[in-house]
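Visitor: I would like to take a close look at one part of this chain and then follow its surroundings outward. Please set out the relevant terms as you go.

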Amino acid sequence: MEESGHRRHRALLALAGVLVVQGIQVAAVFDPGPHTGGDNAGYIALGHSILDRGAYLELWDPAESPHTKYPPVFPILLAGAMALGVKSWVGLKGVSVAATMLAAVFTFLWVREREHWILAAGVTLLFAASNAVLDYSRWILSDPTFLAFTVGGLWALDRSRRNPKQALFLALGSLLVVLAYFTRSAGLPLVLAVGLWLGLERRWKVLAAYSAGFLA
């Protein structure tokens, strides 16, 4: 038991070290300017709509019609940051930075479930240093949040598969997968895959609850 505690302590120190390195890398590539693609302005406007109007509207449209393009989770997170007093472009980019680092945490935990903490640290460092992860950490886009929910969902579901008695991780994984879909619609195949897996495992009650929650 004491040896296991030491291993856990070393793993936590390794994860902390990885996050420090990742933080330095994110700071090195950080860009305070707006993204030239324009989607970030749309997300911010939707955040204002949720916070100020209590509705999901296209404020840039004089008719203020209901928005139907972007799923709502990322704008909800932006609205939450705004409610806490974050107003500037630079401050709102903190949502993407936090999501990027959360994705790294989930990556470490997922690899650590199967391999030694040293390998988990190495894989997570490579993940955190990848060009795409660093690039998306600089912009107000939904991709880092989608990535965090996806990796977190896969980690939790894999843990529940390896130990079916851990119902909490099954619930957490299912929730994260659904949140991933409501962050980017590209998450729909993952939602369907989880449903198929639950059916193949004959976990009918869990599948019924999962399906009902998603449909709701």
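Where does R184 lie?

Guide: This is a predicted model, in which local features need pLDDT of at least 70 and side-chain atom pairs count only at pLDDT 80 or more, while totals for chains, interfaces and linings use all residues. Residues are numbered from 1 along each chain as its sequence is written, and side-chain values use heavy atoms, with hydrogens and water left out.

R184 lies in the loop between α8 and α9, where helices (H or I, at least four residues) are DSSP runs numbered from the N terminus. R184 is partly exposed, with a relative accessible area of 30%; on this scale buried means under 20%, exposed over 50% and partly exposed in between, for a 1.4 Å probe and protein chains only. Leaving aside neighbours within four places in sequence, R184 is in contact (heavy atoms within 4.5 Å) with Y43, P71, S142, D143 and F146. R184 and T145 are 39 residues apart in sequence, yet their C-alpha atoms are 9.0 Å apart in space.

The two helices that flank this loop also pack on each other. α8 and α9 meet at an angle of about 150°, with their axes 8 Å apart; axes are lines fitted to C-alpha atoms, for helices over the stretch in contact, and angles run from 0 to 180 degrees between N-to-C directions. The pair is therefore roughly antiparallel, a label given to angles over 145 degrees, whereas those under 35 count as roughly parallel, 65 to 115 as roughly perpendicular and the rest as oblique. From α8, the residues L170, V177, V178 and Y181 meet L188, L190, V191, V194, W197 and L198 of α9. By class, this contact of α8 with α9 holds ten nonpolar, no polar and no charged residues; Ala, Val, Leu, Ile, Met, Phe, Trp, Tyr, Cys and Pro count as nonpolar, Asp, Glu, Lys and Arg as charged, and the others, Gly among them, as polar.

F146, one of the contacts of R184, leads to another helix pair, since F146 is among the α7 residues that meet α8. Helix α7 (residues 143-162) packs against helix α8 (residues 167-181) at an angle of about 155°, with the axes 7 Å apart, and the two are therefore roughly antiparallel to each other. Residues of α7 that take part include F146, F149, W155, L157 and S160, and their partners in α8 include F169, L170, L172, L176 and V177. The contact of α7 with α8 has twelve nonpolar, six polar and one charged residues.

S160, found in helix α7, is buried, with a relative accessible area of 1%. Beyond neighbours within four places in sequence, S160 is in contact with Q166, F169, L170 and W197. Of these, L170 also belongs to the contact of α8 with α9, as does W197.

Y43, another contact of R184, leads to the largest nonpolar core, a core being a set of buried Ala, Val, Leu, Ile, Met, Phe, Trp, Tyr and Cys residues joined through side-chain atoms within 4.5 Å. Of the 14 residues in this core, Y43, F74, L78, L92 and I140 touch the most other members. Helices α2 (39-53), α3 (73-83) and α4 (89-114) each supply at least two residues of this core, and the largest share, four residues, comes from α3. I140, with neighbours within four places in sequence set aside, is in contact with N40, Y43, I44, F74, L78, W89, L92, K93 and S96. A second, separate core of 13 residues includes L157, V178, Y181 and W197. In soluble globular proteins, nonpolar side chains tend to be buried together.

Two other loops make a useful comparison with the setting of R184. In the loop between α2 and α3, H67 is buried, with a relative accessible area of 8%, and H67 touches L46, Y56, L57, E58 and W60, not counting residues up to four places away in sequence. E64 is found in the loop between α2 and α3 as well; E64 is partly exposed, at 29%, and has a positive phi of about 50° although it is not a glycine. R202, in the loop between α9 and α10, is exposed, with a relative accessible area of 63%, and its phi is also positive, near 60°. Most residues other than glycine have a negative phi.
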